[in-house]
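User: I'd like to go through this model and ask what lies behind each label. Can you set the values against the cut-offs for me?

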Amino acid sequence: MDLENLNDNRTINDLDLIKDIEDYSESHLNELTVNRIMGSYYNHSMKHVTFLLPAYNEEQSIESLLKEVGKYRKSRVIVVDNNSKDKTAEIAGKTGANVLKENKQGKANAIKTGFENVKSNFAVMLDADNTYDPGDAQKLLKPLMEDEADVVLGSRILGEREKGAISRFNLLGNYLLSLFASLLFSKVSDVCTGYWAFKKQVIDYLLTEGIDSDGFDLEVEMFSKIAGKKFRIKEIPIYYKNRLDDPKLNSFNDGVLIFKRMISIWLKKKVG
């Protein structure tokens, strides 16, 4: 039997959308071919994916974001509440997400706690401010599940952005930081993106190596260590939206912090 051509005229290549694969399996349970197909393509199931959301005072956005993430049936959702003073944790818990607490302030500390609780084959990290579209997660996961990459970054620079979503000053800063990261580590268009997808082995490596960052210098530290280990890195264009509230990142101060972290990592690598 030709497994590439199924009775409903859909081919395996047409089942690129992750949810379609689960839908196909559930609607063809009695067909003998299903076990063989799902045996080969089993990693495409969302039961192997954990969504990881670091959150600090995101009560305005967390509910709508989690409703969108929840459309990926069978996936696990972890919200790491980083000392929120509002109802972020309460709202997240009511949606069915697994809510963890990280008392040490800083995005990197929240992510480290989240990483330690990832048990699935794949993980998607995105900010909880609802600026990233959960619908793009399937595009980030696809290269991992087809073993074309070990880490995928969602690039706001390569994709589309709502008007005003990134200021000109931030665009310039991100361009300069990404340029330096490209020169020092590996080519990248958006090293500061908060939308990443990982294979579990990459997360394990980062935990073993240790994450020294506390705040928004996390992404450049992860990128430098992943590139240094020669993991396969891919960028995918994504859609980026405006925030509902004021940004928590201080463009100048955090930009300087990120640059210092980058140079520190490069110097340490050169020396030792």
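User: Why is the pair K225 and E221 called a salt bridge?

Analyst: The closest N and O atoms of K225 and E221 are 2.7 Å apart, and the rule asks for a side-chain nitrogen of Lys or Arg within 4 Å of a carboxyl oxygen of Asp or Glu. Lys with Glu at 2.7 Å fits, so a salt bridge is what we call it. Keep in mind that this is a predicted model. K225 and E221 both lie in helix 9, four residues apart, or about one turn of the helix.

User: Are K225 and E221 buried or exposed, and how do you know?

Analyst: Buried means under 20% relative accessible area. K225 has 15%, so it counts as buried. E221 has 2%, so E221 is buried as well.

User: What makes K104 and D214 a salt bridge?

Analyst: Their N to O distance is 3.9 Å, and the limit is 4 Å, so the pair counts. This one links distant parts of the chain: K104 is in the loop between strand 3 and helix 5, D214 is in the loop between helix 8 and helix 9, and they are 110 residues apart.

User: Why is D214 called partly exposed?

Analyst: D214 comes out at 36% relative accessibility. Buried needs under 20% and exposed needs over 50%, so D214 falls in between and gets the middle label.

User: Which salt bridge does D190 form, and where are its two partners?

Analyst: D190 pairs with R156, with the closest N and O atoms 2.8 Å apart. D190 sits in the loop between helix 7 and strand 6, while R156 belongs to strand 5, 34 residues away. Both D190 and R156 are buried. R156 also has its charged end over the ring of Y240, 5.2 Å from the ring centre. The distance part of that rule is a limit of 6 Å.

User: How many salt bridges are there by this rule, and which residues are linked in a network?

Analyst: The count comes to 21. D147, D150, K199 and R232 are linked in a network of salt bridges.

User: What is the phi of D147?

Analyst: D147, just after helix 6, takes a positive phi of about 55°. Most residues other than glycine have a negative phi. N57, in the loop between strand 1 and helix 3, also has a positive value, near 55°. N130 has a positive phi of about 65° and is in the loop between strand 4 and helix 6. At 13% relative accessible area, N130 is under the 20% cut-off, so N130 is buried.

User: Why is helix 6 described as largely enclosed by the rest of the structure?

Analyst: Seven of its nine residues are buried, so the description follows. The buried residues of helix 6 are A137, Q138, L140, L141, P143, L144 and M145. For the whole chain of 272 residues, 49% count as buried.

User: Why is the pair Y132 and Y195 called edge-to-face?

Analyst: The search of the whole structure finds seven aromatic pairs. For Y132 and Y195, the ring centres are 5.3 Å apart and the planes are at 65°. Rings pair within 6.5 Å, and planes over 60 degrees apart count as edge-to-face, so both tests are passed. Y132 lies in the loop between strand 4 and helix 6 and Y195 in the loop between helix 7 and strand 6, so the pair ties together parts that are 63 residues apart in sequence. Y132 has a relative accessible area of 1% and Y195 has 0%, so both are buried.

User: What makes W196 and F198 stacked instead?

Analyst: Their planes are at 15°, with the ring centres 5.6 Å apart. Stacked calls for planes under 30 degrees apart, so that label applies. W196 and F198 are buried, and they form one aromatic cluster with F115.

User: How do you know that L183 is exposed?

Analyst: L183 has 64% relative accessibility, and exposed means over 50%, so L183 qualifies. L183 is in helix 7 and helps make a nonpolar surface patch of about 660 Å², together with L172, Y175, L176, L179, F180 and F259. Helix 7 gives the largest share of the patch, six residues.

Conventions:
Residues numbered from 1 in each chain as written. Predicted model: local features only at pLDDT ≥ 70, side-chain atom pairs only at ≥ 80, totals over all residues. Heavy atoms only, no water. Patch = residues over 30% accessible without salt bridge, like charges linked within 9 Å, V, L, I, M, F, W, Y side chains within 5 Å. Areas by Shrake-Rupley, 256 points an atom, 1.4 Å probe, with all protein chains shown as cover. Helix = DSSP H or I, 4+ residues; strand = E, 2+ residues; numbered from the N terminus. Buried < 20%, exposed > 50% of the residue type's maximum accessible area, 1.4 Å probe, protein only. Phe/Tyr/Trp six-rings, centres within 6.5 Å; stacked < 30°, edge-to-face > 60°. Lys NZ or Arg CZ within 6 Å of the ring centre and 35° of its normal.
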